Amino acid sequence: MGEKDIITAILRYLKTVSGCFAWKTHGGMYGTAGLPDIICCINGRFVALEVKTPAGKLTKLQEITIQKINAAKGKAYKVTSLQEVREIIQNLNS
């Protein structure tokens, strides 16, 4: 399963999560470099998801961006599957 397929599955799932507003960020000259692939607000919590295949690695800029989001009291994660996202959301609500 490629990164695009994982992103599609995650976005489809997030649409079913109560209290969740999520969107896919897009790179390019008008985007912000290093910004995670999916940004969400889940019941008032800021959540960012950088999606990779199981073999995928974060770039240095992606690592730094995730650290900055977490330092600002948001939640940012590298995820490789829909199951990981389900677990993250379940833990947010615990």
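This passage looks at the helices, salt bridges, polar contacts and aromatic pairing of the structure above. The model is a predicted one, and everything below was computed from its atoms.

Helix α1 is a good place to start. It spans residues 3–14, and its twelve residues reach 16 Å from the first C-alpha to the last, close to the 16 Å expected at 1.5 Å a residue. Its buried residues are I6, I7, I10, Y13 and L14. These cover an arc of only 130° around the axis, so they sit on the same side of α1. An α-helix has 3.6 residues a turn, so residues three or four places apart point the same way. K4 and R12, by contrast, are exposed on the other side of α1. The cover over the buried residues of α1 includes strands β1 (20–24), β2, β3 and β4, along with helix α3.

Helix α3 (82–92) can be read in the same terms. Here the buried residues are V85, I88, I89 and L92. Their arc around the axis is only 95°, which means that they lie on the same side of α3. Over on the other side of α3, Q90 and N91 are exposed. As for what covers the buried residues of α3, the list includes α1, β2 (38–42), β3 (45–51) and β4. The cover thus runs both ways between the two helices: α3 is among the elements over the buried residues of α1, and α1 is among those over the buried residues of α3.

Just ahead of α3 comes T80, which is placed in the loop between β4 (75–79) and α3. The side chain of T80 is joined to that of E84 by a polar contact of 2.3 Å. Leaving aside residues up to four places away in sequence, T80 touches I6, K52, T53 and P54. One of these, I6, belongs to the buried residues of α1, while K52 turns up again in the salt bridges.

Salt bridges come to three in the whole structure. One of them brings together the side chains of D37 and K24, at 3.9 Å from N to O. This pair links distant parts of the chain, with D37 in the loop between β1 and β2 and K24 in strand β1, 13 residues apart. The two partners are not equally accessible: D37 has 9% relative accessibility and so counts as buried, whereas K24 is partly exposed at 26%.

Another salt bridge is formed by E50 and K52, whose closest N and O atoms are 3.9 Å apart. E50 is buried, with just 2% relative accessibility, and K52 is buried too, at 10%. K52 also takes part in a polar contact, as its side chain meets the side chain of Q62 at 3.2 Å. Q62 is placed in helix α2 and is buried, with a relative accessible area of 11%. Not counting residues up to four places away in sequence, Q62 touches G34, E50, K52 and K57. Both partners of the E50–K52 salt bridge are therefore among the residues that Q62 touches, on the 4.5 Å contact cut-off.

The remaining bridge pairs E63 with K60, the closest N and O atoms lying 3.8 Å apart. Both residues belong to helix α2 (residues 60–71), and they are three residues apart, about one turn of the helix. E63 is partly exposed, with a relative accessible area of 31%. K60 has a relative accessible area of 59% and is exposed.

Last come the aromatic rings. A pair of aromatic rings is described by the distance of the centres and the angle of the planes. The count here is one aromatic pair. F21 and W23 make it up, at 5.3 Å centre to centre and with 45° between the planes, a tilted arrangement. F21 is exposed, at 54% relative accessibility, and W23 is partly exposed, with a relative accessible area of 40%.

Definitions and conventions. Residues are numbered from 1 along each chain as its sequence is written. This is a predicted model: local features need pLDDT of at least 70, side-chain atom pairs count only at pLDDT 80 or more; totals for chains, interfaces and linings use all residues. Side-chain values use heavy atoms; hydrogens and water are left out. Rings of Phe, Tyr and Trp (its six-membered ring) pair if their centres lie within 6.5 Å; planes under 30 degrees apart count as stacked, over 60 as edge-to-face and the rest as tilted. Buried means under 20% relative accessible area, exposed over 50%, partly exposed in between (1.4 Å probe, protein chains only). Helices (H or I, at least four residues) and strands (E, at least two) are DSSP runs, numbered from the N terminus. A polar contact is a pair of N or O atoms within 3.5 Å; within protein, one must be able to donate a hydrogen and the other to accept it, and residues adjacent in sequence count only if both atoms are side-chain atoms. The arc is that of the directions from the helix axis to the C-beta atoms. The expected span of a helix is 1.5 Å times one less than its number of residues. A salt bridge is a side-chain nitrogen of Lys or Arg within 4 Å of a carboxyl oxygen of Asp or Glu.
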